[in-house]
Amino acid sequence: MKLNNIIMMSFVVLLLLSSSCGQPVNKEKEEEKKVEEKKEASAIDVIMSRRSIRSYKSEQIKDEELNTILECGINAPSAMNSQSWEIRVIQNPEILKKIEGSFHNAPTLIVIASATDNFFSPVDCGLLGQNILLAAESLDIGTCVVGNFTNFLNSPEGAEVVRSLELSEGYKPLYSIAVGYKNERPEAKPRDKGKIKIIK
Ligand SMILES: Cc1cc2nc3c(=O)[nH]c(=O)nc-3n(C[C@H](O)[C@H](O)[C@H](O)COP(=O)(O)O)c2cc1C
């Protein structure tokens, strides 16, 4: 092969390499940046769009969706990483029938139990719950915190349901979260900005 030809071929190879390798790296970085920007924006969007849902479709949420929601829940912070909670997910129609009405008839009810001997457990459980609400909202799945169900669980009629939850010694139901596909899209309730004071 003549020297001229070799130089020509090397030039072509270099040109091909720069066009096939260089551009995608830049493109990849651009895509990553876009995803990062989207993540930041969507966290705020999700917080601001979440509302308590009190009307649900009867269709059950998918197992993958439930797993994502629960995984996000247990990634909440907890004092000294004590994870002072126990989580029970009720999807059993017989049990749900017994408690119908006390949780807006959602197809899934998450019961969050707190450790009775841990001062920060209600805080840990609250943060766990907020992660659950926001993860669900990001999947457009409806939720509602249900406090009044705790009264039922602590009543004599609720004892059988509590037994079926098989909670460890020292854990008591603190509150529950109804979960299901939304059958309503309520407006935001007013918030009192007067509760905020910035001290500089
Ligand atoms: C600790 C707690 C207990 C609640 N208990 C109930 C309840 O028993 N039934 C219900 O319909 N909503 C209940 N809620 C939901 C609130 O009513 C709701 O979050 C509030 O009105 C604000 O509305 P939003 O969630 O749509 O922003 C509870 C919320 C919290 C944080």
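**Loops, helices and a pocket in a predicted model**

At 22% relative accessibility, Asn118 counts as partly exposed, because the partly exposed class starts where the buried one, under 20%, stops. This value, like the others here, comes from a predicted model. Asn118 sits in the loop between β2 and α4. Setting aside residues up to four places away in sequence, Asn118 touches Ser82 and Ser84. Along the chain, Asn118 and Ser82 are 36 residues apart, yet their C-alpha atoms lie 9.1 Å from each other.

Now for the overall layout. The chain holds six helices and four strands. Read from the N terminus, these elements come in the order α-α-β-α-β-α-β-α-α-β. Out of 200 residues in the chain, 32% count as buried. The exposed surface of the chain comes to about 13700 Å², with carbon and sulfur atoms supplying 57% of it. As for who touches whom, take the contacts between residues at least 6 apart in sequence: 79% of these join residues at least 24 apart.

Strand β2 covers residues 108-115, and Ser114 is part of it. Ser114 counts as buried because its relative accessibility is 8%, and the limit for that class is under 20%. Which residues does Ser114 contact once its neighbours within four places in sequence are left aside? The list is Ser84, Ser121, Cys125, Gly170, Tyr171, Lys172 and Leu174. Ser84 also turns up among the residues touched by Asn118, and Ser121 and Cys125 are themselves among the buried residues of α4.

Helix α4 runs over residues 121-138, and its length can be checked with a bit of arithmetic. At 1.5 Å a residue, its 18 residues should span 26 Å, and the C-alpha atoms at its ends are indeed 26 Å apart, so the two values agree. The expected figure is 1.5 Å times one less than the number of residues. The buried residues of α4 are Ser121, Asp124, Cys125, Leu128, Gly129, Ile132, Leu133, Leu134, Ala135, Ala136 and Glu137. After α4 comes Asp140, which has a positive phi, near 60 degrees.

Helix α2 has a link to α4 through Cys72, a residue of α2 that is in contact with Asn131 and Ala135 when neighbours within four places in sequence are left aside. Ala135 is one of the buried residues of α4. Cys72 itself counts as partly exposed because its relative accessibility is 30%. Another residue to look at is Gly129: 57 residues separate it from Cys72 in sequence, while C-alpha to C-alpha the two are 9.6 Å apart.

Gln130 is also in α4. Is Gln130 buried or partly exposed? With a relative accessible area of 35%, Gln130 is partly exposed. Gln130 also helps line the largest pocket, together with Ile47, Met48, Arg50, Arg51 and Arg191. Of these, Ile47 is 83 residues from Gln130 along the chain, with 9.7 Å between the two C-alpha atoms. The space in this pocket is about 150 Å³. Sorted by class, its lining has two nonpolar, one polar and three charged residues.

Helix α3 takes in residues 93-98, Ile95 among them. Ile95 counts as buried because its relative accessibility is 18%, which is under the 20% limit. Not counting residues up to four places away in sequence, Ile95 touches Ile90, Val161 and Ser164. Glu160 is 65 residues from Ile95 along the chain, and their C-alpha atoms are 9.6 Å apart.

Last come some backbone angles. Most residues other than glycine have a negative phi. Met80, which is not a glycine, has a positive phi of about 50 degrees. Met80 lies in the loop between α2 (63-74) and β1 (85-90). Met80 counts as exposed because its relative accessibility is 84%, and exposed means over 50%. Asn105 is another residue other than glycine with a positive phi, in this case near 55 degrees. Where is Asn105 found? Its place is in the loop between α3 and β2. Asn105 counts as partly exposed because its relative accessibility is 44%.

Note on methods
Residues are numbered from 1 along each chain as its sequence is written. This is a predicted model: local features need pLDDT of at least 70, side-chain atom pairs count only at pLDDT 80 or more; totals for chains, interfaces and linings use all residues. Side-chain values use heavy atoms; hydrogens and water are left out. On a 1 Å grid over the protein atoms alone, a cavity is a set of points where a 1.4 Å probe fits but cannot get out, and a pocket is an open set with protein on both sides within 12 Å along at least five of seven lines; lining residues have an atom within 4 Å of a point. Grid points are joined across faces, edges and corners, and a volume is the space filled by probe spheres set on the points. Ala, Val, Leu, Ile, Met, Phe, Trp, Tyr, Cys and Pro count as nonpolar, Asp, Glu, Lys and Arg as charged, and the others, Gly among them, as polar. Helices (H or I, at least four residues) and strands (E, at least two) are DSSP runs, numbered from the N terminus. Buried means under 20% relative accessible area, exposed over 50%, partly exposed in between (1.4 Å probe, protein chains only). Contact means heavy atoms within 4.5 Å. Accessible areas come from the Shrake-Rupley method with a 1.4 Å probe; for residues, only the protein chains shown count as cover.
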